[in-house]
Amino acid sequence: MKRKPSTEATSAWIRLMRVQSRVLDCVEQDLKKAGFPPLAWYDALLELSRAPSGELRPVELERQMLIPQYSTSRLIDRLVDEGLASRRECKIDKRGQFVEITEAGRELQKRMWGAYSAAIEKYVGSKLSDADAVKLSGLLDRLGCSCGEMKLPPVVHSNETTPSR
């Protein structure tokens with residue numbers, strides 16, 4: 001018979017879910033107050049900008065994103081409608097398509113990073129020492145590994161346009 005989670009593990013799970021939800025809500029509110037679109041837009045634009053040629057297939061984009069995106073096709077439609085991304089047909093597989101970030105998309109992603117990085121500092125960085133953040137990252141990596149997820153890329157120390165993961 002499979003073991004049931006301990007009270008402590010269940011409590012940790014509940015806290016993890018509540019904190020994740022609350023912090024994301026606060027970040028979304030800060031972005032909105034600063035006049036920016038939702039965090040999912042930043043997330044998609046960041047992943048497109050990180051891609052070697054600035055483009056990804058929609059399924060690759062969905063896999064890369066930090067925030068679950070149940071409607072990636074609608075998000076892509078919005079980015080395209082706003083001129084932040086464009087679609088192009090795959091030359092090899094005519095049924096497939098790529099989504100490519102535009103210069104306007106790169107600029108928005110860079111501008112959003114100012115508000116996003118301030119929110120990360122406000123809701124996470126100011127609450128944890130660097131040592132605590134490293135410890136928490138290690139614990140979260142262990143949880144991610146138990147789900148069969150890929151290990152996240154190493155932390156990038158940059159104050160420019162990309163979040164540390």
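**View 1. How much of the chain is buried in this predicted model.** Buried residues account for 29% of the 165 residues in the protein chain. About 11500 Å² of the protein chain is exposed, with carbon and sulfur atoms supplying 56% of that area. Take the contacts with a separation of 6 or more, and 58% of them link residues 24 or more positions apart.

**View 2. The run of elements along the chain.** We've got 6 helices and 3 strands here. Starting at the N terminus, they go α-α-β-α-α-β-β-α-α.

**View 3. The open sheet, strand order 1-3-2.** The 3 strands pair in antiparallel fashion. Strand 1 (55-56) and strand 2 (85-89) sit at the edges, each pairing on one side only. Zoom in on strand 2 and strand 3 (residues 97-101) and you'll find 5 bridges joining them. Ser-86 is set opposite Glu-100 of strand 3.

**View 4. Helices against the sheet.** Helix 2 (residues 39-50) lies across strand 1, strand 2 and strand 3, and runs at about 100° to strand 3. Helix 4 (residues 72-81) packs on the sheet too, touching strand 2 and strand 3, and its direction makes about 110° with that of strand 2.

**View 5. Where to trust the model, and where not to.** The protein chain averages a pLDDT of 86, and 84% of the residues score at least 70. Among the elements, helix 5 (residues 103-125) has the highest mean pLDDT, 97, and helix 6 (residues 130-146) the lowest, 88. Residues 148-161 are another story: pLDDT stays under 50 there, and the model has 15 contacts beyond four places in sequence for them. Predicted coordinates shouldn't be read in detail where pLDDT is low.

How values were computed:
Residues numbered from 1 in each chain as written. Predicted model: local features only at pLDDT ≥ 70, side-chain atom pairs only at ≥ 80, totals over all residues. Heavy atoms only, no water. Helix = DSSP H or I, 4+ residues; strand = E, 2+ residues; numbered from the N terminus. Buried < 20%, exposed > 50% of the residue type's maximum accessible area, 1.4 Å probe, protein only. Contact = heavy atoms within 4.5 Å. Areas by Shrake-Rupley, 256 points an atom, 1.4 Å probe, with all protein chains shown as cover. pLDDT = per-residue confidence, 0-100. Pairing = 2+ DSSP bridges. Axes fitted to C-alpha atoms, helices over the stretch in contact; angles between N-to-C directions.
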